[in-house]
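I opened this entry to keep track of what I looked up, going from the whole chain to one chosen element.

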Amino acid sequence: MSFQSVREHFKKFNREQDILEYDQISATVEQAANALNVIPAKIAKTLSFKNKEGDAFLVVTAGDAKIDNKKFREQFEIKAKMLNADEVVEQTGHVVGGVCPFGLAKDLNVYLDISLKRFATVFPACGSVNSAIELTCEELEQYSAAVQWVDVGKDWDENLTEPNSSKDNVAAN
């Protein structure tokens with residue numbers, strides 16, 4: 001059902017035909033990068049957290065970024081506490097490894113980390129462990145109805161960019 005809900009989500013934008021499906025598992029950043037033949041940093045990984053009230057929200061980062069606990073606490077005024085696998089399915093409708101900010105089971109706030117802005121396009125999952133879609137950062141923001149761009153990542157390579165990326169716009173957001 002999860003993959004189907006994402007397909008339905010992309011029908012609203014006439015982009016359902018752009019969803020990529022492949023035979024191999026792509027549940028981890030490395031597996032997805034191998035399946036898509038791209039560098040791991042271009043995989044847009046979606047992480048699920050709890051806010052103060054216990055409600056879920058999502059943060060999408062580049063594949064090479066880790067959550068910086070200090071930045072996260074400053075941004076969201078809480079300690080980073082990820083959902084467990086059962087909570088992820090309940091809140092997003094997607095299994096771990098296929099979590100994405102599209103076709104969600106519940107109306108969740110989505111935040112995009114600036115680590116993504118180094119690239120002209122990135123590859124978020126599409127609700128299953130063997131699917132993705134190539135999107136520009138602007139499309140990712142639009143299709144996910146993101147609340148805002150945030151800076152909560154660490155250990156990502158700021159020098160790893162590609163032409164036509166919006167890295168120059170990182171400070172502007």
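What radius of gyration does the protein have, and what would a compact globule with 173 residues have? I noted first that this is a predicted model, and then found a radius of gyration of 15 Å, which agrees with the value near 16 Å for a compact globule of 173 residues. Along the principal axes, the C-alpha atoms fill a box of roughly 40 × 40 × 30 Å.

I then looked up the secondary structure, which comes to five helices and 10 strands. Among the contacts with a separation of 6 or more, 65% are between residues 24 or more positions apart, and buried residues make up 50% of the 173 residues.

For the surface, I recorded an accessible area of about 8600 Å², of which carbon and sulfur atoms hold 44%. I also looked up the charges, 19 positive and 27 negative, and their mean positions lie 5 Å apart.

Next I turned to helix 5, which spans residues 137-144 and has Cys 137, Leu 140, Tyr 143 and Ser 144 as its buried residues. These residues lie on the same side of helix 5, because they cover an arc of only 135 degrees around the axis.

What covers the buried residues of helix 5? I found that the cover includes helix 1 (2-11) together with strand 3 (56-62), strand 5 (109-113), strand 6 (121-124), strand 8 (135-136) and strand 9 (148-150).

My last entry concerns the residue that follows helix 5, Ala 145, for which I noted a positive phi, near 50 degrees.

Terms used:
Residues numbered from 1 in each chain as written. Predicted model: local features only at pLDDT ≥ 70, side-chain atom pairs only at ≥ 80, totals over all residues. Heavy atoms only, no water. Helix = DSSP H or I, 4+ residues; strand = E, 2+ residues; numbered from the N terminus. Rg over C-alpha atoms; globule rule 2.2 N^0.38 Å. Buried < 20%, exposed > 50% of the residue type's maximum accessible area, 1.4 Å probe, protein only. Contact = heavy atoms within 4.5 Å. Areas by Shrake-Rupley, 256 points an atom, 1.4 Å probe, with all protein chains shown as cover. Lys, Arg positive; Asp, Glu negative; His and termini not counted. Charge placed at Lys NZ, Arg CZ, Asp CG, Glu CD. Arc of directions from axis to C-beta.
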